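Take a look at the sequence and the 3D structure below. Keep both in view while you read.

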Amino acid sequence: MKKTVLMAVLLLTMLFGSSVEGWAAKLVARIDVSSQTMTVRYGQAVYRWRVSTARQGYITPRGSYRPQRTARMWYSRKYDMSPMPHSVFYRGGYAIHGTGAVKSLGRPASHGCVRLHPANAAAFYSMVRQAGFRNTRIVVTN
């Protein structure tokens, strides 16, 4: 009986230890459309980057999402094969991705995607790939 209880305690300790690591590895990206910023929390690290979301006449969908797919380099078929480096798609054709229009960062400029500086997009892309889709949350708010 003591051996069974000891094994159960050991198993529970291993399970709780794994879940603590899982919580620490969670990746959360919060896009604030009103301030045109994205705050990324990954473990103990916190990053805050300027972004560009939808300009007038377009929308960046609000809500809470998980990544659906990633692409190291994607070209938008809808918008004249525009390059979208380090894309993290979170709702249909909407993605967080790098842009060459870095002077527009900090103000609305896109067709609805969330644009980042190419270096920040590469970093975020790597974090998503490392953390995994199930451990990543993308939250878009006003």
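This report covers the elements, the two sheets, the helix that packs on them, the largest pocket and two residues.

## Ground rules

This is a predicted model: local features need pLDDT of at least 70, side-chain atom pairs count only at pLDDT 80 or more, and totals for chains, interfaces and linings use all residues. Residues are numbered from 1 along each chain as its sequence is written, and side-chain values use heavy atoms, with hydrogens and water left out.

## The chain

The chain has 2 helices and 9 strands. Helices (H or I, at least four residues) and strands (E, at least two) are DSSP runs, numbered from the N terminus. From that end, the elements run α-β-β-β-β-β-β-β-β-α-β.

The chain holds 142 residues, and 38% of them are buried. Buried means under 20% relative accessible area, exposed means over 50%, and partly exposed lies in between (1.4 Å probe, protein chains only).

Now take the contacts between residues at least 6 apart in sequence: 55% of them join residues at least 24 apart. Contact means heavy atoms within 4.5 Å.

## The five-stranded sheet

Strands of a sheet pair through backbone hydrogen bonds, either parallel or antiparallel. Here, two strands pair if DSSP finds at least two bridges between them.

In which order do the 5 strands of the open sheet stand? The order is E3-E2-E1-E9-E4, and the pairing is mixed. Strands E3 (45-50) and E4 (63-65) are the edges, as each pairs on one side only. Neighbouring strands are turned by 15 degrees against each other on average, direction ignored. Axes are lines fitted to C-alpha atoms, for helices over the stretch in contact, and angles run from 0 to 180 degrees between N-to-C directions.

Helix H2 (residues 118-131) packs on this sheet. H2 touches E1 (27-32), E2, E3 and E9 (136-141), and its direction makes about 35 degrees with that of E2.

## The four-stranded sheet

Another open sheet has 4 strands in the order E5-E6-E7-E8, again with mixed pairing. Its edge strands are E5 and E8 (114-116), and each pairs on one side only. Neighbouring strands in this sheet are turned by 30 degrees against each other on average, direction ignored.

H2 packs on this sheet too, touching E5, E6, E7 and E8. The direction of H2 makes about 40 degrees with that of E6.

## Strand pairs

The table lists strand pairs from both sheets.

| Strand pair | Bridges | Sense | Citation |
|---|---|---|---|
| E2 and E3 | 6 bridges | antiparallel | E2 is residues 37-42 |
| E1 and E9 | 6 bridges | parallel | E1 to E9 |
| E4 and E9 | 3 bridges | antiparallel | E4 to E9 |
| E6 and E7 | 3 bridges | antiparallel | E6 to E7 |

Single residues show the pairing up close. Tyr42 stands opposite Ala45 in E3. Ala29 stands opposite Ile138 in E9. Ser64 has Val139 in E9 as its bridge partner. Val88 has Ile96 in E7 as its bridge partner.

## The largest pocket

Rolling a probe the size of a water molecule over the atoms shows where empty space is left. On a 1 Å grid over the protein atoms alone, a cavity is a set of points where a 1.4 Å probe fits but cannot get out, and a pocket is an open set with protein on both sides within 12 Å along at least five of seven lines; lining residues have an atom within 4 Å of a point. Grid points are joined across faces, edges and corners, and a volume is the space filled by probe spheres set on the points.

The largest pocket holds about 420 Å³ of space. Its lining has 22 residues, and Ser76, Tyr79, Met84, His111 and Cys113 lie nearest the centre. Strands E5 (69-76), E6 (82-91) and E7 (94-98) each supply at least two lining residues. E6 gives the largest share, with 4 residues.

By class, the lining has 8 nonpolar, 10 polar and 4 charged residues. Ala, Val, Leu, Ile, Met, Phe, Trp, Tyr, Cys and Pro count as nonpolar, Asp, Glu, Lys and Arg as charged, and the others, Gly among them, as polar.

## Two residues

Is Thr53 buried or exposed? Thr53 counts as buried because its relative accessibility is 0%. Thr53 is found in the loop between E3 and E4. Beyond neighbours within four places in sequence, its contacts include Ile31, Arg107 and Cys113.

Ala95 lies in strand E7. Ala95 is buried, with a relative accessible area of 0%. Leaving aside neighbours within four places in sequence, Ala95 touches residues including Met84, Val88 and Cys113. Ala95 and Arg69 are 26 residues apart in sequence, and their C-alpha atoms are 9.2 Å apart in space.
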